[in-house]
Amino acid sequence: MESVPALVDSVLAGEWGPAPGERSVTSAFWLHHTTRLAGGGVTYRNHYLLLRVGSAFGACSFEQGELDADFCATASGEPLDKLIRDDRLPVRIAALDAYLADALPHREAGAEPVVLPIGTPEVRARARDDAIAGLLDIRPGAKVALIGVVNPLVEAITERGGECLPCDLNLRTTQWGQPVSREMDEVLEAADAVVATGMTLSNGSFDRLLAHCRGRDLPLVVYAQTGSAVARAFLGRGVTAVSAEPFPFSQFSAEPSTVYRYRASFGRAG
């Protein structure tokens, strides 16, 4: 599997399960969520499209203005093949994610479940990001490109002896004043390993990131609320590991919730 468009073609061809035209969206919703962790100076602003298919939710985060909430008024009942072909990238990713997560739910896919504890947003975010960083075998001094910055993950990488190279389109500095690059290529060229958010799927940079990591044989860990089942499809095909967090996401509850960790031995070859 070389790219997201190639994955789309294989899904539409019925190579991953039932024909997408036989599955339809049972509910659709749009979320605007903000959060500021205690002691932090950054307000995270997130927009999500969620599509439910069977027992699964497909998710895609997107930038403000990319998708109108009115989309949801007519999305329920739509066949998945139509939405997987939609002109809007967030719709395509959410629909593709819903299809793949319904065809093979994370809870049945042989992943390692990691239960996040009851607690405050800070406690739960730290536990989640420790689980993500635990997928990287970081040697002391290794340079780790972080594509999509969350401060607890910067901390988790640093605590494991790595040198974090942060990159984000919206943040200018980390919580500790470290400059954040806007140029993905800049941090990738210097990196020994890469940790990237699923939002690389929603902003169209995932295929370029994947090709770069393949070309340099760099470990690539994807932490995904957006497109968690989509990222899983690339395990062993350029993606080294995935921390998949299907909806409902950890920030929406103080109760225990589960993320699913995968390593590259999962899945089909090819």
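**Close-up 1. Arginine 126 and its salt-bridge partner, glutamate 155.** In this predicted model, arginine 126 has a relative accessibility of 41% and counts as partly exposed. A salt bridge joins arginine 126 to glutamate 155, with 3.9 Å between the closest N and O atoms. Arginine 126 belongs to helix H5 (residues 121–133) and glutamate 155 to helix H6 (residues 151–159), so the pair ties together parts that are 29 residues apart in sequence. Glutamate 155 is also partly exposed, at 28% relative accessibility. Side chains of opposite charge can pair when their charged atoms come close.

**Close-up 2. Arginine 23 and aspartate 102, a salt bridge between distant parts of the chain.** The closest N and O atoms of arginine 23 and aspartate 102 are 2.5 Å apart, and the two residues form a salt bridge. Arginine 23 sits in the loop between helix H1 (4–12) and strand S1 (27–35), while aspartate 102 is part of helix H4 (residues 89–103). The two residues are 79 residues apart. Arginine 23 is partly exposed, with 27% relative accessibility. Aspartate 102, at a relative accessible area of 18%, is buried.

**Close-up 3. Lysine 82 and glutamate 78, another of the salt bridges.** Here the closest N and O atoms are 3.1 Å apart. Lysine 82 has 47% relative accessibility and is partly exposed. Glutamate 78 is buried, its relative accessible area being 18%. The count of salt bridges in the model comes to 12.

**Close-up 4. Glutamate 245 and its surroundings.** Salt bridges link Arg128, Asp129 and Glu245 in a network. Glutamate 245 is placed in the loop between strand S9 (241–244) and strand S10 (257–263). With a relative accessible area of 5%, glutamate 245 is buried. The side chains of glutamate 245 and glutamine 225 are joined by a polar contact of 3.2 Å. Leaving aside residues up to four places away in sequence, glutamate 245 touches Arg128, Ala224, Gln225, Ser228, Ser250, Gln251 and Val259.

**Close-up 5. Residues 134–243, a span annotated in UniProt.** An unreviewed UniProt entry gives these residues the feature "domain: Putative heavy-metal chelation". In the model, the span is 33% helix and 21% strand. The C-alpha atoms at the two ends of residues 134–243 lie 10 Å apart.

**Close-up 6. Strand S7 and the strands paired with it.** Strand S7 covers residues 193–197, and five of its five residues are buried, so the strand is largely enclosed by the rest of the structure. On one side of S7 are Ala193, Val195 and Thr197, and on the other are Val194 and Ala196; both faces are covered. Strand S5 (residues 143–147) runs parallel to S7 and is joined to it by four bridges. Within this pairing, leucine 146 has valine 195 of S7 as its bridge partner. Strand S8 (residues 220–224) also runs parallel to S7, and four bridges join the two. Valine 194 is found opposite leucine 220 of S8.

**Close-up 7. Strand S10 and its antiparallel pairings with S4 and S9.** Five of the seven residues of S10 are buried, so the strand is largely enclosed by the rest of the structure. Strand S4 (residues 112–116) pairs with S10 over five bridges, in the antiparallel sense. Valine 114 has valine 259 in S10 as its bridge partner. The pairing of S9 with S10 is antiparallel too, with four bridges. Alanine 244 stands opposite tyrosine 260 of S10.

**Close-up 8. Cysteine 72 and cysteine 164, in a model with zero disulfides.** The cysteine sulfur closest to that of cysteine 72 belongs to cysteine 60 and is 12 Å away, which is too far for a bond. A disulfide would need the two sulfur atoms within 2.5 Å. Cysteine 72 is buried, with a relative accessible area of 13%. Cysteine 164 is in no disulfide either, and its nearest cysteine sulfur, in cysteine 167, lies 10 Å away. At 5% relative accessibility, cysteine 164 is buried.

Key: Residues are numbered from 1 along each chain as its sequence is written. This is a predicted model: local features need pLDDT of at least 70, side-chain atom pairs count only at pLDDT 80 or more; totals for chains, interfaces and linings use all residues. Side-chain values use heavy atoms; hydrogens and water are left out. A salt bridge is a side-chain nitrogen of Lys or Arg within 4 Å of a carboxyl oxygen of Asp or Glu. Buried means under 20% relative accessible area, exposed over 50%, partly exposed in between (1.4 Å probe, protein chains only). UniProt positions are given in the numbering used here, feature names are shortened, and annotations may be inferred rather than shown by experiment. A polar contact is a pair of N or O atoms within 3.5 Å; within protein, one must be able to donate a hydrogen and the other to accept it, and residues adjacent in sequence count only if both atoms are side-chain atoms. Contact means heavy atoms within 4.5 Å. Two strands pair if DSSP finds at least two bridges between them.
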